[in-house]
Structure formats: C-alpha cells, structure tokens
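Here are a few exercises to work through with the structure open beside you. Try each task before you read its solution.

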Amino acid sequence: MTTVRIPAGWPATEEQARAVQDELRERVVLDEPGPPPGAGRVTGVDVAYDDERDVVVAAAVVLDAVTHEVVAEATAVGRVSFPYVPGLLAFREIPTVLAALDNLPCPPGLVVCDGYGRAHPRRFGLASHLGVLTGFPTIGVAKNPFTFSYEEPGVPRGSASPLLAGSEEVGRALRTQDGIKPVFVSVGHRVDLDNACAHTLALTPKYRLPESTRRADSLCRTALREATA
C-alpha cells in the first residue's frame, strides 16, 4: 500500500479549487464513444475516510469486462487533502485515487467512479477530473441525483430517463434491476452517455450498483481498517 503526500501547490481554498475546475473542464473530451461495453477491462475506484485520524484510502479494482473476475487490484493511503465542500469532493480524493491507479500492474481500461462526471454543478465531478488528469475514459455512476431532477424511469431493468439541470441533460437515471431505485450515470471523459449507460448495465447483472464499484468499495473499507488499526 502506497502512502501518499498532499501534492505541492494543491488547492487550499474553495476559490483555488474552483479555479482549477474551470481550467481543467476545458480539457474534457465529450465527442468520443469510448471503449465497447462488455469488452476488455473495467476498473472501479472508490475511497473511504477516517476524518478523525486524517486518513483517506483509495482502491482500484480491475475486472474482466466479460466475466467480472478480478484481474488486478491496488490501494493507497494518504492524508485528507481538502475540507468537505459539496461540489469540491474530488480535491479530497484525487491524489490518493491517482496513486492507487498508478499501483496497478496493468492498464485499467474504462474507469468507473462512485460519483459524478458531467452531473455536477460545475460540470466537472470526480469522473471528469480523474479522466482529464489520467487520459483514461471515465464515467460516473452515483447513488443519488445530487441537485438534479428526473422523472422515474420505467420499472424494467434498462429503463432510463434524463437527469436534468433545467433543460440540460447532464446524465441519466438508469434502472439496473427491475423495480429497484435507479443509479445516476454521467459522462466523465472520452465516453458518450449511451455507452456510459451500456457499460453500467453490463456491470450490473445481479445488483443495483456496478460490480466494479462493489469490489472497490469492499477493498477500500478493508484497507482503511488495516491502515487505522
């Protein structure tokens, strides 16, 4: 497990962090379809915190996109690098997530974040931020709609409806299991929204959340317990 220091020059204020978002947002690529769903590798990333001990742990788990078998996994532990501010959560997580990805022994393929990409007040959530910094195709699959509105999709698995900021579609509410609460899919970088939803369905054969997210969540929670024992 790598121990990560806060990078020199890392934003320390909300104003600095928003300026970084404004700069990097211009680099997001939205006109590529991305890798084909159900092929190659897919990597889930997730983080776990112990704010009292000032510790954040990130996990990256690479899955075979067809079988969902684990191909590789890595973790990293670091200090919490930014205070909790809605809309700026990526600044708490990015250094440690990058270290976990760097520790992988193979390319990650598509990276699936437990959070948001374009579905973000500044259109630059963790999935977009991570994609721009790494160049990897990324998507966000979130558990709730944040501040955005949507109509309930149909009951069957695969039903979807637009996730809206006013009249702008920033993502989709996607039903991954019959009659179960939808997840909220948004583009991060180098993937279009149709493919982001197709990848999400390919990763949810049994459960509401993608297998990539489930495996990364389990690994980072275990790593946090070990790091703070």
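**Exercise 1.** Work out whether L63 is buried or exposed, and find what it touches.

*Solution.* Start with the cut-offs: buried means under 20% relative accessible area, exposed over 50%, and partly exposed in between (1.4 Å probe, protein chains only). L63 has a relative accessible area of 0%, so it is buried. This is a predicted model, where local features need pLDDT of at least 70, side-chain atom pairs count only at pLDDT 80 or more, and totals for chains, interfaces and linings use all residues. Residues are numbered from 1 along each chain as its sequence is written, and side-chain values use heavy atoms, with hydrogens and water left out.

Next, place the residue: L63 sits in strand β3 (residues 55-64); helices (H or I, at least four residues) and strands (E, at least two) are DSSP runs, numbered from the N terminus. Now look for contacts (heavy atoms within 4.5 Å). Setting aside neighbours within four places in sequence, the partners of L63 include G40, V42, H68, V70, E211 and R215. Take V42: it is 21 residues from L63 in sequence, yet their C-alpha atoms are 5.3 Å apart.

**Exercise 2.** Check the length of helix α2 (residues 90-102), then see how enclosed it is.

*Solution.* The expected span is 1.5 Å times one less than the number of residues. For the 13 residues of α2 that gives 18 Å, and the end C-alpha atoms lie 17 Å apart, which agrees. As for burial, eleven of the 13 residues are buried, so the rest of the structure largely encloses α2. Among them are F91, I94, V97 and L101.

**Exercise 3.** Classify two aromatic pairs: F82 with F91, and Y150 with F184.

*Solution.* We need two values, because a pair of aromatic rings is described by the distance of the centres and the angle of the planes. Rings of Phe, Tyr and Trp (its six-membered ring) pair if their centres lie within 6.5 Å; planes under 30 degrees apart count as stacked, over 60 as edge-to-face and the rest as tilted. The count comes to five aromatic pairs. F82 and F91 are 5.7 Å apart, centre to centre, with 45° between the planes: tilted. Both F82 and F91 are buried, and ring pairs join them with W10 in a cluster.

For Y150 and F184, the centres are 5.0 Å apart and the planes at 65°, so this pair is edge-to-face. Y150 is partly exposed at 25% relative accessible area, whereas F184 is buried at 1%.
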